[in-house]
Every structure is written in structure tokens, then in C-alpha cells.
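User: I am new to this structure and would like to understand the reasoning behind the words used for it. Could you take me through a few of them?

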Amino acid sequence: MFLDVDRFKVINDSLGHTVGDALLVAFAHRLAAVVRPEDTVARFGGDEFVVLCEDVRDEAAVRALAKRITASLDEPFLVLSGGEVFLTASIGLAIDDDHPRAAESLLRDADAAMYRAKENGRDRLEVFDAEMRAASMLRLSLENDLRRALTRDDLVMHYQPTVDLATGAIIGAEALIRWNHPTRGLLGPDEFIPVAEDTGLVVPIGFWALEQALTDARRLVADPSQRPFQLAVNLSGRQLTVAHLVEDVAGLLTRHAWPPDQLCLELTESMITDDIEPAVEMLVALKALGLLLAIDDFGTGYSSLTRLHRLPVDIVKVDQTFVAGLQTDDDRHAIVTAIVRMVHALGLRTSAEGIETAGQLAELQALGCDWGQGFLFSQALPVEEFALLLADPPAW
Ligand code: C2E
Ligand code: MG
Ligand code: MG
């Protein structure tokens, strides 16, 4: 059984490490008090504990133990300062049925089940099953392949034009990553960026993406000072935690002689809502390089409009779900109207994602939305095809 105390970082951060340590000790005592004498309780690291139960009759017996553990957490913990803290735990269970297995593999399965418990809302028990094994095998092979992809040049950037909605001119492009998988074909980012984020691989991948986008942009636009081109590149939240991110970006801009104000880094709304302060600091430092920042997928996260003005952003990208409902759903129309007005009132630009029909385009133009992108104009294209589009843009 693999146990992880829920939201322990918050406790540590808010009450301090001394209180955190004392709570872990108290937590361990409660665990030890409810297990059977023959069970082993161990601290695995940080806020993670392992309970090893040998000679159990059946799954029900372990489930009963898990229940006793959760029940033991119903009472609050008293902290030195006099307050009370409630702790919950996410528990993953792996059963070593007939054939004894290596301890590591049993632990790994229990750990995977614990992760599932976290995903399913914490404070619960999940039992490792065949489906989880298949999912974790797939993840593992995806992770290994992805590591290799980075060194084998199997990643590519595609470019989707950004259009000035008032004039119809292509003013730039968003760089979107693709993975030329050796057996599975061209994969979109949704199939591998989540794994890259979990494993930290998104940091080197993100650096590669930015470098590749700048290289391609220089090929597309020989002299950006003569012909401005807005290059947009997505950044993962994880990259914002890299201490040398600002130096990395500055170095790339210099190396590729690309004007900072023609690079826009896009951050999804959801990644800046959790723990906003360090992210804001990083964003301010990035902005100081002279580049633009955009909030991507706006409207899908929880950030309020008031929070927006605290962020040093230049562009707000209206999520495609709102654009899709513009003509069919009065509520969505109202939301897009409100977003565009509010963003303009803050002195920022709006950009609409996922424009697929002429009707949506007309609505957005009527609302005064500044920029847009979508299949109506073009899908994301390999750089050579994008170059052709840029050289001879159709009238839309
Ligand atoms: P995003 O930044 O919001 O990118 C827009 C997505 O909408 C792209 O999907 C694009 O192909 C798709 N799209 C564009 N126009 C339309 C349209 O008219 N209709 C519909 N249905 N979809 C449209 P894609 O390329 O699959 O990218 C998905 C997400 O993956 C991106 O969303 C971005 O968050 C992430 N991503 C892409 N490249 C990178 C990267 O280099 N680094 C990181 N960290 N994330 C990336
Ligand atoms: Mg984007
Ligand atoms: Mg988006």
C-alpha cells in the first residue's frame, strides 16, 4: 500500500517545515496504531509512506485496513501553535497474488495506483489493475520513445498563420509541435506533451521548439525589421520553473538575431492560476526582454478577469470552444463579447482561436477582435508549405 499525504506541500508552505515534520511524525504514529502487528510501516520519502501487509487472506482484508487508516485521519491533528489540521491520504494498493514479485515492481504498481487516487480526487483508495498496467506500460514506452525523439530529430514544428482580422493579412504564425513517431505516424502535441510535462522532458523539448521556431522564422523572413512577423511559441508551465529560462530565451533571440518584440510566448490560462506569484515574477523577467506574452485558451481555466490585469500579458487568446459556439450559443456569444470588451479596456489585444467558418469570422470582425487563426485560413503546415502560403496568401 502506497500512501501519500494530500496537499502536504501547502501545509509545509503555510505552516512551516517544523510543523510539517511534526505532522508527519504524528501521521506515522496513527498509521502504526491501526495496522496489524505483523504489518510493516515505512516512510518512503517526503510525505510518502508504504505499508507492507504479508499473509493477507484477500483484497477485502486490505481494503478494511485502508478504511481503518482513513478513519484514523477523521480526527484533526493538533499543531504546536494550538491550531488543528486535518490530513487526508491518497492510497494505492497493489496485490502480489500468486507469484511473488520483485519488491520494486510491486511498489511501482502501488505508486501508479496512488497516482490514480490523486487523479480521481484524492482522499481515496485505488487498486492497481490490468488497465492501469497497460496504461503505465504505454506511458513508459512513450516516455522512452520521446527521449529518443529528441535526440533523433523526430520532432517537427508546424506553422498556423495568424491573421489580422481587419485586413485579412497574415501577420505571423503560431509554431505547433508534432512528433514524427517511427511507428505511429505524425502525433499531435496532445498525445505526448502531457507525458513530457510529467517527466520534465518538456523542458528540453520546449527549448528545442523555441530554437527550431526561430530557425524556421529566419528562413521564412529574411529581414524581420523590414517585414515584421509575429512568431508565437507555446510554453509549458513547467518551463516557467526553470531558473535559467530568461537567459535561455535571451540567448536564443541573440543567436538568431530575432527582434524580441516579434516573439510571443503563449501560456495557457490554467498553468498560472495555481501558484501565481513565482510565475508572475518569471513572466515579468521574460517581458523585460521585450517580447510579448499571450494567455492561451482563455476562458477554459479559472482565472478571473481581475487576475488578468496583474499578469504582464499583451494578448489574450479566446479559446476555440467559445469561437465554435459564437453563432449557435447565445451564452458563448455573450462571453466572447465580454472578453473582447474587457481585454480591450485593459489595453490588450484579443486573438481568436479555431475560426472555422466565414460566419464566425464575420462575428469576430463585428466584435472588433484583433487577430485570429483557424482552419478557415489554414491548418498548421510544415514550414515549406507555410512559406508558399506566406508568399501567395489567398483572399479570405
Ligand atoms: P494551442 O496553443 O491552443 O494551439 C491551437 C490548437 O488548435 C492547435 O492544436 C491547432 O492545430 C488547433 N486548431 C487551430 N485551428 C483550429 C480550428 O479551426 N479548429 C480546430 N478544431 N482546431 C484548430 P495542436 O497543434 O494539436 O496543439 C494542441 C496544444 O498543444 C496547443 O494548443 C498547445 O497548448 C500545445 N502545444 C503545441 N505545441 C507546443 C509546444 O511546442 N510546446 C508546448 N509546451 N505545448 C505545445
Ligand atoms: Mg497556443
Ligand atoms: Mg489555444
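Analyst: The model shown here is a predicted one, and the questions below take up a metal site, a helix and a strand.

User: What makes Asp296, Asp297 and Glu353 the residues that coordinate the magnesium ion (ligand 3)?

Analyst: A donor has to be an N, O or S atom within 2.8 Å of the metal. The OD atoms of Asp296 and Asp297, together with two OE entries for Glu353, lie at 1.9 to 2.6 Å from the magnesium ion (ligand 3), so they meet that cut-off. Along the sequence these donor residues follow the spacing D-D-x55-E. Asp297 belongs to strand β13 (residues 292-298), while Glu353 sits in the loop between β15 (349-352) and α13 (358-367), so the pair ties together parts that are 56 residues apart in sequence.

User: Which residue bridges the magnesium ion (ligand 3) and the magnesium ion (ligand 2)?

Analyst: Asp296 bridges these two ions, which lie 4.3 Å apart.

User: Why is Glu353 called buried, and why is Asp297 called partly exposed?

Analyst: Buried means under 20% relative accessible area, exposed means over 50%, and partly exposed is in between. Glu353 has 7% relative accessibility and therefore counts as buried, whereas Asp297, with a relative accessible area of 22%, is partly exposed.

User: How do you know that the buried residues of helix α8 are on the same side?

Analyst: In α8 (residues 245-255), the buried residues are Leu245, Val246, Val249, Leu252 and Leu253. They cover an arc of only 135° around the axis, and therefore they are on the same side of the helix. In general, an α-helix has 3.6 residues a turn, so residues three or four places apart point the same way. The face of α8 turned away from that buried side carries the exposed residues Glu247, Thr254 and Arg255. Among the elements covering the buried residues are α7 (202-220), β12 (263-268) and α9 (276-287).

User: What makes strand β6 largely enclosed by the rest of the structure?

Analyst: Five of the five residues of β6 (residues 89-93) are buried, so the strand is described as largely enclosed. Both of its faces are covered, with Ala89, Ile91 and Leu93 buried on one side and Ser90 and Gly92 buried on the other.

User: How do you know that β6 pairs with strand β1 and with strand β7?

Analyst: Two strands pair if there are at least two bridges between them. β6 and β1 (residues 2-5) have four bridges and run in the antiparallel sense, with Phe2 opposite Gly92. Three bridges join β6 to β7 (residues 125-127), and these strands run parallel, with Ile91 opposite Leu125. Both counts therefore satisfy the criterion of at least two bridges.

Notes
Residues numbered from 1 in each chain as written. Chains lettered and ligands numbered in written order. Predicted model: local features only at pLDDT ≥ 70, side-chain atom pairs only at ≥ 80, totals over all residues. Heavy atoms only, no water. Donors = N, O, S within 2.8 Å, 3.2 Å for Na, K, Ca; no water. Helix = DSSP H or I, 4+ residues; strand = E, 2+ residues; numbered from the N terminus. Buried < 20%, exposed > 50% of the residue type's maximum accessible area, 1.4 Å probe, protein only. Arc of directions from axis to C-beta. Contact = heavy atoms within 4.5 Å.
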